[in-house]
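Please open the model in your viewer, with the sequence panel beside it, and follow the stops below in order.

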Amino acid sequence: MPIYEYLCLRCGKKNEVITLRISEEVHAQCRHCNSEELRRIPSRVRVRLSEETRLERLADPAKFGALDENDPKSMAKFMKAMTQEMGDDFDEDVDALVEEAMEEEASSRRESDGSSADDDAGEASL
């Protein structure tokens, strides 16, 4: 089953089109913005590993060396590495969501640090 990749000239996102036969005519349309202005791009080579090999790689203790479960950036990096190891890649949309979550986490940490300091100051004056 051939898989063709296209780059949308309008929104710049990558699209995959699967066909049943090589001889089948492909009518590609961007799944993000519905544009038909697409340019075919070379596809990456995908090597399929057995499930056993992938699980062995995931169980490697060296993969967890730099992991800090309290650090959103460290967790995001770990998640990206794990999805790549499983043979997938994050879409740009997922990358944006991870970045947004990391920013929200940092923002909430700053707010909680500031509010706890204000609460302590208020209690001290009582």
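A surface patch, in the sense used at the first stop, is made of residues with over 30% relative accessible area and no salt bridge, like charges being joined within 9 Å. Keep in mind throughout that this is a predicted model.

**First stop: a charged patch.** Select Glu-99, Glu-100, Glu-103 and Glu-104, which gather on the surface in a patch of negative charge. To place the patch in the fold, follow Glu-104 into helix H3, which spans residues 92-125.

**Second stop: the whole chain.** Now zoom out and colour by secondary structure, where three helices and three strands should appear, arranged along the sequence in the pattern β-β-β-α-α-α. With a surface display switched on, the accessible area comes to about 9800 Å², and 50% of that area belongs to carbon and sulfur atoms. Of the 126 residues, 17% count as buried. Among contacts with a separation of 6 or more, 39% are between residues 24 or more positions apart.

**Third stop: the salt bridge.** How many salt bridges does the structure hold? It holds one, and to see it you should select Arg-10 and Glu-37, whose closest N and O atoms are 3.5 Å apart. The pair links distant parts of the chain, since Arg-10 sits in the loop between strand E1 (3-8) and E2 whereas Glu-37 sits in the loop between E2 and E3, 27 residues apart. Side chains of opposite charge can pair when their charged atoms come close. Arg-10 counts as exposed because its relative accessibility is 53%, where the cut-off for exposed is over 50%, while Glu-37, with a relative accessible area of 43%, is partly exposed.

**Fourth stop: Ser-35.** Stay in the loop between E2 and E3 and select Ser-35. Is Ser-35 buried or exposed? With a relative accessible area of 2%, Ser-35 is buried, the limit for buried being under 20%. Leaving aside residues up to four places away in sequence, Ser-35 touches Cys-8, Arg-10, Gln-29 and Cys-30. If you draw a C-alpha to C-alpha distance from Ser-35 to Leu-9, the value is 8.2 Å, although the two are 26 residues apart in sequence.

**Last stop: Asn-34.** Finally, select Asn-34, in the loop between strand E2 (14-18) and strand E3 (38-41). The backbone is what to inspect here, for the phi of Asn-34 is near 65°, a positive value in a residue other than glycine. Most residues other than glycine have a negative phi. At 51% relative accessibility, Asn-34 counts as exposed.

Conventions. Residues are numbered from 1 along each chain as its sequence is written. This is a predicted model: local features need pLDDT of at least 70, side-chain atom pairs count only at pLDDT 80 or more; totals for chains, interfaces and linings use all residues. Side-chain values use heavy atoms; hydrogens and water are left out. Patches are made of residues with over 30% relative accessible area and no salt bridge: like charges are joined within 9 Å, nonpolar side chains (Val, Leu, Ile, Met, Phe, Trp, Tyr) within 5 Å. Accessible areas come from the Shrake-Rupley method with a 1.4 Å probe; for residues, only the protein chains shown count as cover. A salt bridge is a side-chain nitrogen of Lys or Arg within 4 Å of a carboxyl oxygen of Asp or Glu. Lys and Arg count as positive and Asp and Glu as negative; His and the chain ends are not counted. The place of a charge is taken as NZ of Lys, CZ of Arg, CG of Asp or CD of Glu. Helices (H or I, at least four residues) and strands (E, at least two) are DSSP runs, numbered from the N terminus. Buried means under 20% relative accessible area, exposed over 50%, partly exposed in between (1.4 Å probe, protein chains only). Contact means heavy atoms within 4.5 Å.
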